[in-house]
Amino acid sequence: MGSLGTLLRYPDDVYPLLKMKRAIEKAEKQIPREAHWGFCYSMLHKVSRSFSLVIQQLGTDLRNAVCVFYLVLRALDTVEDDTSIPTDEKLPILIAFHRHIYDTDWHYSCGTKEYKVLMDQFHHVSAAFLELEKGYQEAIEEITKRMGAGMAKFICQEVETVDDYDEYCHYVAGLVGLGLSKLFLASGSEVLLPDWEQISNSMGLFLQKTNIIRDYLEDINEIPKSRMFWPRKIWGKYADKLEDLKYKENSRKAVHCLNEMVTNALTHIEDCLKYMAALRDPSIFRFCAIPQIMAIGTLALCYNNVQVFRGVVKLRRGLTAKVIDRTKTMADVYGAFYDFSCMLKTKVDKSDPNASMTLNRLEAVQKICRDTGVLHKRKSYINDKGQSFNVYIVMIVILLAIVFAYLRVN
């Protein structure tokens, strides 16, 4: 659930963590009995527990479609990620993947751990896909085809310019945003705004750029070959080689590069807020909003943080639980984006070469949130002093009771 030290430092995490633990246990007990659907939902819990939780609240038909869509794209991503697969073998698999989802005999062994299980038993995903309504199938097939082709393109070329970076993120994540919008439309639960393609794409880009920033060290240390997604146009200002940023002697330049990457990601927030504000179905809203709040929170942690080049930087589990528990309305979203923007803003060093641009973008986000007039309704994800104090007292009482019980027994 979390280390005792962390819980003592953030006692208001305890209740959301307990709620999340119960929700995970409940979701695991509700896995369908049919072999193919059972495999899909079991695999979903293994590859992304937090994502499986937000999926569970969707209506049955849409939930099944999103589950299959996610696993199809995870499988496609597993092929792309496996740097041990020769390029001449990988390219045709990526390009033809949209056809394989119709074939219950197809599988391809690659990846590691749970991802290898997904690939080895992909026939279960295909069987589930074939039971979806045609509208869902068409949306999943189209996005898979476009994504596979885009991944194949970037297997053969580096991410050089910022335009390349946006294009790559479009293929691997912006298309996910478009695909989900199509699934929401097919479900009859949502209508699309005139600029739905642009803002759907931004939803994906914001999440993907956050992951690329956070996963620098994991990607650069990938064996047998590094995976490099930061655009040369940005990192080339600070280093001769992207891997040079992980060395301590380059820490200052590395952090400046990191801050420019974060500043680039902030450009998508306005579209993301517009997309979420237009959603009508409460379950779809939560499904979309929770990952977006976790992304802005992750960027706030990563900004100006040299630990991105030393190890793993991610939201503590208790804060994730808090986001899942508290995100219910657009007022919660505005409040979270405002709070995390304030947190990020306090970390801006005026000597940073991109400080003024970063501050301008943060102030634009804060203005959007303030202008809604709903910030007074928010519950802070960052600091709950009153609640923290109350929970802290309760925890002290519980710990003392445990100590006294132990002493009496001994």
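**Notebook: cavities, a pocket and two odd phi values**

By class, I get 9 nonpolar, 1 polar and 1 charged residues around the largest cavity. I'm working from a predicted model here.

Next I looked up who those residues are. The lining is made of Ser181, Phe184, Glu190, Val191, Leu192, Leu193, Trp196, Ile199, Tyr275, Ala278 and Leu279. Helices α10 (162–187) and α11 (196–214) each put in at least two of the lining residues. I have the volume down as about 100 Å³.

How many cavities of 30 Å³ or more does the structure hold? I find 2.

So to speak, on to number two. The second largest cavity has about 40 Å³ of space. Around it I listed Ile212, Tyr216, Asp219, Ile220, Arg227, Met228, Phe229, Trp230 and Leu242. Helix α12 (residues 216–220) gives the largest share of that lining, 3 residues. Sorted by class, I get 7 nonpolar, no polar and 2 charged.

Then an open site. The second largest pocket holds about 420 Å³. Two or more of its lining residues come from each of α5, α6 (87–100) and α9 (134–155). I count 18 residues in the lining, with Phe154, Ile155, Lys225, Ser226 and Arg227 nearest the centre. The class split reads 7 nonpolar, 4 polar and 7 charged. Arg227 gets a second mark in my notes: it is on the list for this pocket and also on the one for the second largest cavity.

Helix α4 (residues 49–56) was my next stop. Which of its residues are buried? I noted Phe51, Ser52, Leu53, Val54 and Ile55. The cover over these buried residues includes α2 (14–29), α3 (35–47), α5 (60–81), α16 (282–302) and α17 (317–326). I had already met α5 at the second largest pocket, where it supplies two or more lining residues.

Last, the backbone. Lys113 has a positive phi of about 50° without being a glycine, and I place it in helix α7 (residues 113–120). Buried or exposed, then, is Lys113? It is exposed, at 69% relative accessible area.

Asn304 is another non-glycine with positive phi, near 60°. I found Asn304 in the loop between α16 and α17, two helices I had just written down as part of the cover on α4. The relative accessible area of Asn304 is 32%, so I logged it as partly exposed.

Conventions
Residues numbered from 1 in each chain as written. Predicted model: local features only at pLDDT ≥ 70, side-chain atom pairs only at ≥ 80, totals over all residues. Heavy atoms only, no water. 1 Å grid on protein atoms, 1.4 Å probe; cavity = no way out; pocket = protein on both sides within 12 Å on 5 of 7 lines; lining within 4 Å. Points joined across faces, edges and corners; volume = space filled by probe spheres on them. Helix = DSSP H or I, 4+ residues; strand = E, 2+ residues; numbered from the N terminus. Nonpolar A, V, L, I, M, F, W, Y, C, P; charged D, E, K, R; others polar. Buried < 20%, exposed > 50% of the residue type's maximum accessible area, 1.4 Å probe, protein only. Contact = heavy atoms within 4.5 Å.
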